[in-house]
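Thanks for coming. I will take a few minutes to walk through one structure, and you can follow along on the screen.

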Amino acid sequence: STIFARDIVVDSANHPHIIWTNIDLFHTTYNGQKWIGPTSIVKGAWHPDIRVNANDDLLIFANDASFYPTPGISIYALDNINVKWNIEKVSTSPFWSGGAAAAIDSSGNIYLVWIGSSTQAGGADEVFFSRYVDGEWQTPFQIGELNSSAGSTGQESPSIAFDQNDVLYVFWRGLNNKNRPVIFSRAYASEISKVTTVTSGWSPIIELDNRNASDVWWPSVADMWLSNRVIGVDVVWAATVGTDRVIEFSHVVYP
């Protein structure tokens, strides 16, 4: 069957956990001696993102299994903290929500971003944000715009990671005010971030723009184990430059 998306994470024992979707969401892992699975986690889920917390619990984020622009599609958080899989709806957008990406800070709080729309009719889609603090998901709110409608391939999907200062970085594809496709970036300094020259809160949005590129898509940021994080994060994305398809790179530091 067709594989729509896949993701991988490594736990503290250096064992890989792989998830993927066709119509349903599957998981398999290597325990050091053999592969276990695959097992079906949930029916009807696409575009998964997986993380592992300090206790080696698995945290998975996915949306309902319907293409954009199907209305009513939502983001869900899944975990196996109590051995069995627990599922909780996170997004509140009336229209399609998808392309979730998560990161965990040094205190174990979960930060989640995704694409969605504030209107029932969809249209100019946005990047939404929520975080899991003190046992509950906070009310989602918009942190950026695509300035266009999302497509069915997920190329606009956000990517997210922390650096060693507990500063959060978010990247996504959209159109700037000149109608050029660029990679947008925004940082967030929380109450535990180690920054002295800025106050807590969201930074202005910046553009990562190669003027020679006619298109860009699928930003991906390196989300490192806490002990391996450095100041700033590394991000790559695909681009079309002339007749070539290339991978572009940037190291982004805030502030």
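**Hairpins, sheet and side-chain pairs**

Strands β3 and β4 make a hairpin with four residues between them, and Gly32 in that turn has a positive phi of about 100°. Before I go on: this is a predicted model.

Staying with this hairpin, β3 and β4, the latter covering residues 35–42, run antiparallel and pair over five bridges. Leu25 stands opposite Val42 in β4. On the other side of the turn story is β2, residues 16–21, which pairs with β3 in the antiparallel sense, also over five bridges. Ile18 has Thr28 of β3 as its bridge partner. β2 and β3 form a hairpin too, with three residues between them.

How enclosed is strand β3 by the rest of the structure? Five of its six residues are buried, so β3 is largely enclosed.

Next, the aromatic rings. The search of the whole structure gives 17 aromatic pairs. One of them is Tyr30 with Trp35: the ring centres are 5.3 Å apart and the planes are at 55°, so this pair is tilted. Tyr30 is partly exposed, at 27% relative accessible area, and Trp35 is partly exposed as well, at 49%.

Another pair is Phe129 with Trp202. Here the centres are 5.1 Å apart and the planes are at 85°, so the pair is edge-to-face. Phe129 is in strand β11, residues 126–133, and Trp202 is in strand β17, residues 201–202, so to speak a link between distant parts of the chain, 73 residues apart. Both Phe129 and Trp202 are buried. The two also belong to a cluster linked by ring pairs, together with Tyr111, Phe141, Phe162 and Tyr188.

Now the charged side chains. Side chains of opposite charge can pair when their charged atoms come close. The count here is 10 salt bridges.

Take Arg131 and Glu191, whose closest N and O atoms are 3.3 Å apart. Arg131 lies in β11 and Glu191 in the loop between β16 and β17, so the salt bridge ties together parts that are 60 residues apart in sequence. Which partner is buried and which is exposed? Arg131 is buried, with a relative accessible area of 9%, while Glu191 counts as exposed at 52%.

A second salt bridge joins Arg173 and Asp215, at 2.8 Å from N to O. Arg173 sits in strand β15, residues 167–175, and Asp215 in strand β19, with their positions 42 residues apart in the chain. Arg173 is buried, at 8% relative accessible area, and Asp215 is partly exposed, at 22%.

Asp209 and Arg180 form a further one, with their closest N and O atoms 2.8 Å apart. There is also a network of salt bridges that links Asp7, Asp49, Arg51, Asp223 and Arg229.

Asp215 brings us to the sheet. Three strands form an open antiparallel sheet in the order β19-β20-β21. β19 and β21 are at the edges with a single partner strand each, so one side of each has no neighbour in the sheet. From one strand to the next, the twist averages 25°. β19 pairs with β20, residues 233–241, over six bridges, and Asp215 stands opposite Thr240 in β20.

Last, the surface. Phe4, Ile23 and Phe67 form a nonpolar patch there, with about 280 Å² of accessible area together. Phe4 comes in the segment before β1 and is partly exposed, at 38% relative accessible area.

Conventions:
Residues are numbered from 1 along each chain as its sequence is written. This is a predicted model: local features need pLDDT of at least 70, side-chain atom pairs count only at pLDDT 80 or more; totals for chains, interfaces and linings use all residues. Side-chain values use heavy atoms; hydrogens and water are left out. Two strands pair if DSSP finds at least two bridges between them. Helices (H or I, at least four residues) and strands (E, at least two) are DSSP runs, numbered from the N terminus. Axes are lines fitted to C-alpha atoms, for helices over the stretch in contact, and angles run from 0 to 180 degrees between N-to-C directions. Patches are made of residues with over 30% relative accessible area and no salt bridge: like charges are joined within 9 Å, nonpolar side chains (Val, Leu, Ile, Met, Phe, Trp, Tyr) within 5 Å. Accessible areas come from the Shrake-Rupley method with a 1.4 Å probe; for residues, only the protein chains shown count as cover. A salt bridge is a side-chain nitrogen of Lys or Arg within 4 Å of a carboxyl oxygen of Asp or Glu. Buried means under 20% relative accessible area, exposed over 50%, partly exposed in between (1.4 Å probe, protein chains only). Rings of Phe, Tyr and Trp (its six-membered ring) pair if their centres lie within 6.5 Å; planes under 30 degrees apart count as stacked, over 60 as edge-to-face and the rest as tilted.
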